[in-house]
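Could you walk me through this model, with the cut-offs behind each term spelled out? Here is a friendly tour, from the surface to the core and on to the charged pairs.

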Amino acid sequence: QFMVLPEEVTESYSVSMEPKEIMGRSAPYISYSGNEARTVGYSITLHEDVVPNMMTVIDKLKRLVYPKYTDSHIQPPYQYVKFGDMIDMMAVVTSVSLSWGQTIIEDQQHYSQCEVSLEFMELRISSLPSVDANPFQEGNM
């Protein structure tokens, strides 16, 4: 949870179609091969005056792209993503991008704001590896 909300949230669905060349046919036959996972992305701007522990928050966000190593397998850091009634999903972070903005304080440059862009890929329960412990700490699936 953040003290700031994104102005815009993007949601994307895609499908894979493969052309099949058929001898004697002038155009390929288009074959459905499957759906890609739903992706969601958004950007927020963090300011030191709104988020006093901004660097700690940014460090935690950077860690979202690294897996957790357990005894028998590597587990990605699962996330619960919710925006109102429109988006409610379990996901993994596929991208964290940071863009630093500067302010001038008493003739010194200081980076006091950061634009954070996050991209998520939806996980479906059937795509998760079998684990003893529940990988989801919140939300009911």
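**A walk through the model**

β2 (15-20) and β3 (29-35) each supply at least two residues of a nonpolar surface patch. Strands like these (E, at least two residues) and helices (H or I, at least four) are DSSP runs, numbered from the N terminus. Before going further, please keep in mind that this is a predicted model, in which local features need pLDDT of at least 70 and side-chain atom pairs count only at pLDDT 80 or more, while totals for chains, interfaces and linings use all residues. Residues are numbered from 1 along each chain as its sequence is written, and side-chain values use heavy atoms, with hydrogens and water left out.

The patch itself consists of V15, M17, I30 and Y32, which together have about 400 Å² of accessible area. Of these, Y32 sits in strand β3. Areas come from the Shrake-Rupley method with a 1.4 Å probe, and for residues only the protein chains shown count as cover. Patches are made of residues with over 30% relative accessible area and no salt bridge; nonpolar side chains (Val, Leu, Ile, Met, Phe, Trp, Tyr) are joined within 5 Å, and like charges within 9 Å.

Next, look at P67, in the loop between α1 (54-62) and β5 (68-69). P67 counts as partly exposed because its relative accessibility is 31%; buried means under 20% relative accessible area, exposed over 50%, and partly exposed in between (1.4 Å probe, protein chains only). Setting aside neighbours within four places in sequence, P67 is in contact with I74, Q75, P76 and P77, where contact means heavy atoms within 4.5 Å. From C-alpha to C-alpha, P67 and V92 are 10.0 Å apart in space, with their positions 25 residues apart in sequence.

Now turn to the interior. The largest nonpolar core has 21 residues, and L46, V81, M89, V116 and F120 touch the most other members. Two or more residues of this core come from each of β4 (39-47), α1, β7 (78-83), β8 (87-105) and β9 (108-122). Such a core is a set of buried Ala, Val, Leu, Ile, Met, Phe, Trp, Tyr and Cys residues joined through side-chain atoms within 4.5 Å. If residues up to four places away in sequence are not counted, M89 touches R38, V40, Q79, Y80, V81, F120 and E122.

What about the aromatic rings? The structure holds two aromatic pairs. The rings of Y42 and F83 have centres 5.0 Å apart and planes at 80°, so this pair is edge-to-face. Because Y42 lies in strand β4 and F83 in strand β7, the pair ties together parts that are 41 residues apart in sequence. Y42 is buried, with a relative accessible area of 10%, and F83 is buried too, at 16%. Y42 also pairs with F120: the ring centres are 5.9 Å apart and the planes at 20°, so this pair is stacked. Here Y42 in strand β4 is linked to F120 in strand β9, 78 residues apart. F120 is buried, with a relative accessible area of 5%. Ring pairs thus link Y42, F83 and F120 into a cluster. Rings of Phe, Tyr and Trp (its six-membered ring) pair if their centres lie within 6.5 Å; planes under 30 degrees apart count as stacked, over 60 as edge-to-face and the rest as tilted.

Charged side chains complete the tour. The structure holds four salt bridges, each defined by a side-chain nitrogen of Lys or Arg within 4 Å of a carboxyl oxygen of Asp or Glu. R38 forms one with E11, and their closest N and O atoms are 2.6 Å apart. This pair joins distant parts of the chain, with R38 in the loop between β3 and β4, E11 in strand β1 (residues 9-12), and their positions 27 residues apart. R38 counts as buried at 8% relative accessibility, whereas E11 is partly exposed at 34%. E11, R38 and E122 are linked in a network of salt bridges.

E122 is found in strand β9 and counts as buried at 17% relative accessibility. Apart from neighbours within four places in sequence, E122 is in contact with A37, R38, M89, M90 and A91. Elsewhere, E18 and K20 meet in a salt bridge (3.6 Å, N to O), as do D88 and K82 (3.9 Å, N to O). D88 is partly exposed, with a relative accessible area of 43%, and K82 is partly exposed at 44%.
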